[in-house]
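Here's a walk through the strands and charged side chains of one protein model. Keep the viewer open and follow along.

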Amino acid sequence: MANQITKVSDVINPEVMADIISAKVTKKIAVAPFAKVDTTLAACAGDTIKVPRYTYIGDAEDVAEGEMCETSKLTATTTSATVKKAMKAVSLTDEVILSGYGNPVGEAVNQISLAIASKVDNDALDALLTAETVYDESSTKISYSGIVSAIDLFSEEVNSEKVIFVHPSQVTQLRKDADFISADKYVGGVMLTGEIGMIANCRVVPSKKIEKDETGAFYINPIIKLTADTESEDETPALTIYLKRDTMVETERDTLKRTTNISADKHYTVALSDTSKVVLAKFKA
């Protein structure tokens, strides 16, 4: 039997890597359960998309027999989103690939997927922080009472499901609140990744990316509506990830150095597509 030679190309397959990284990226994006992924740009030329948000034309009016009904003008505001590229690369020597401890190629794939996912997640949270509605209770720690006052700014006729992002240091305060329902007491199970419980009909998801303000005095906790009252509200999601091209992996050989460069990129943008569905609540740190 002829000697079997393991080549670098045997352990590095860009197509397989792209599938693996895409799957990992999807799972590690914390906002995926409530951010809509829009692939409209993938089939269109250009790198900018404008999303319309229509204004209600008003209730119907009485019209007498034989009289003409006046027409209403349909108006809309638009949100523009311009695509950008997130990219990460790793360079591996042949020695590391063929005889390195552990699984260097697998670790590179994992690290690249984590890097891209974290970038998308950061952009999503940055988009949330541009919301216009703010509830300021920065002199008081987070509580059921404060969250109720914050969600009342939605002026809802029908109570909808929501999610609130909190810093892990705020979790203890919430757990001690008599109105907090721990996720292990749910009958139907947990809906969102990382969800630890509910309070005031808000699903609570801790994230270290929820930061204090510049003075360190308070946290800014985004509250997002997950569902809408279709009779009175636009069905536009609060947050949208516009995907131009999903994760793509390429490899490049440097024959003189005997190294292989593994790079991956994702073309996308994140936008606050309906600011009326987000409230930024400020609570004392």
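## Salt bridges and strands

Let's start with a charged pair: Arg-203 and Glu-195 join their side chains in a salt bridge, at 2.7 Å from N to O. Both Arg-203 and Glu-195 are buried. Keep in mind that this is a predicted model.

In total, the structure has 11 salt bridges. As a general point, side chains of opposite charge can pair when their charged atoms come close. Here are three of the pairs, with their N to O distances:

| Salt bridge | N to O distance |
|---|---|
| Arg-203 and Glu-195 | 2.7 Å |
| Glu-156 and Lys-162 | 3.0 Å |
| Asp-274 and Lys-277 | 3.6 Å |

How covered are the partners? Glu-156 is partly exposed, with a relative accessible area of 25%, while Lys-162 is buried at 0%. In the other pair, Asp-274 is buried with a relative accessible area of 1%, and Lys-277 also counts as buried, at 5% relative accessibility. There's a network too: salt bridges link Lys-84, Lys-119 and Asp-123.

Charge also shows up on the surface. Asp-59, Glu-61, Asp-62 and Glu-70 gather there in a patch of negative charge. You'll find Asp-62 in the loop between strand 2 (48-54) and strand 3 (76-82). Why does Asp-62 count as exposed? Because its relative accessible area is 82%, and the cut-off for exposed is over 50%.

Strand 3 itself holds Ala-81. That residue is a different story: Ala-81 counts as buried, at 3% relative accessibility. Its C-alpha atom is 5.3 Å from that of Ile-49, although Ala-81 and Ile-49 are 32 residues apart along the chain.

Now for the open sheet. Its 7 strands come in the order 5-13-10-6-9-8-7, with mixed pairing. The edges are strand 5 and strand 7 (181-182), each of which pairs on one side only. In general, strands of a sheet pair through backbone hydrogen bonds, either parallel or antiparallel.

Strand 13 (residues 278-284) is a good place to look at both senses. Strand 5 (residues 133-137) pairs with strand 13 in the parallel sense over 5 bridges, and Thr-133 has Val-279 as its bridge partner in strand 13. Strand 10 (residues 218-225) runs antiparallel to strand 13, and 7 bridges join them; there, Ile-224 has Val-278 as its bridge partner. Strand 13 is mostly covered, with 5 of its 7 residues buried.

Over at strand 7, the partner is strand 8 (residues 197-199), paired in the antiparallel sense over 2 bridges. Ile-181 stands opposite Met-198 in strand 8.

Which strands form a hairpin with 4 residues between them? That's strand 11 and strand 12, and Arg-258 in the turn has a positive phi of about 55°. Strand 11 and strand 12 (residues 259-272) run antiparallel and are joined by 13 bridges. Strand 11 also has a parallel partner, strand 1 (residues 36-38), joined to it by 3 bridges.

Ile-241 is handy for seeing both pairings: Ile-241 in strand 11 is the bridge partner of Val-37, and Ile-241 stands opposite Val-270 in strand 12. Further along, Lys-244 also sits in strand 11 (residues 239-254). Lys-244 is partly exposed, with a relative accessible area of 22%. From C-alpha to C-alpha, Lys-244 and Lys-266 are 8.1 Å apart in space and 22 residues apart in sequence.

Terms used
Residues are numbered from 1 along each chain as its sequence is written. This is a predicted model: local features need pLDDT of at least 70, side-chain atom pairs count only at pLDDT 80 or more; totals for chains, interfaces and linings use all residues. Side-chain values use heavy atoms; hydrogens and water are left out. Buried means under 20% relative accessible area, exposed over 50%, partly exposed in between (1.4 Å probe, protein chains only). Two strands pair if DSSP finds at least two bridges between them. Patches are made of residues with over 30% relative accessible area and no salt bridge: like charges are joined within 9 Å, nonpolar side chains (Val, Leu, Ile, Met, Phe, Trp, Tyr) within 5 Å. Accessible areas come from the Shrake-Rupley method with a 1.4 Å probe; for residues, only the protein chains shown count as cover. A salt bridge is a side-chain nitrogen of Lys or Arg within 4 Å of a carboxyl oxygen of Asp or Glu. Lys and Arg count as positive and Asp and Glu as negative; His and the chain ends are not counted. The place of a charge is taken as NZ of Lys, CZ of Arg, CG of Asp or CD of Glu.
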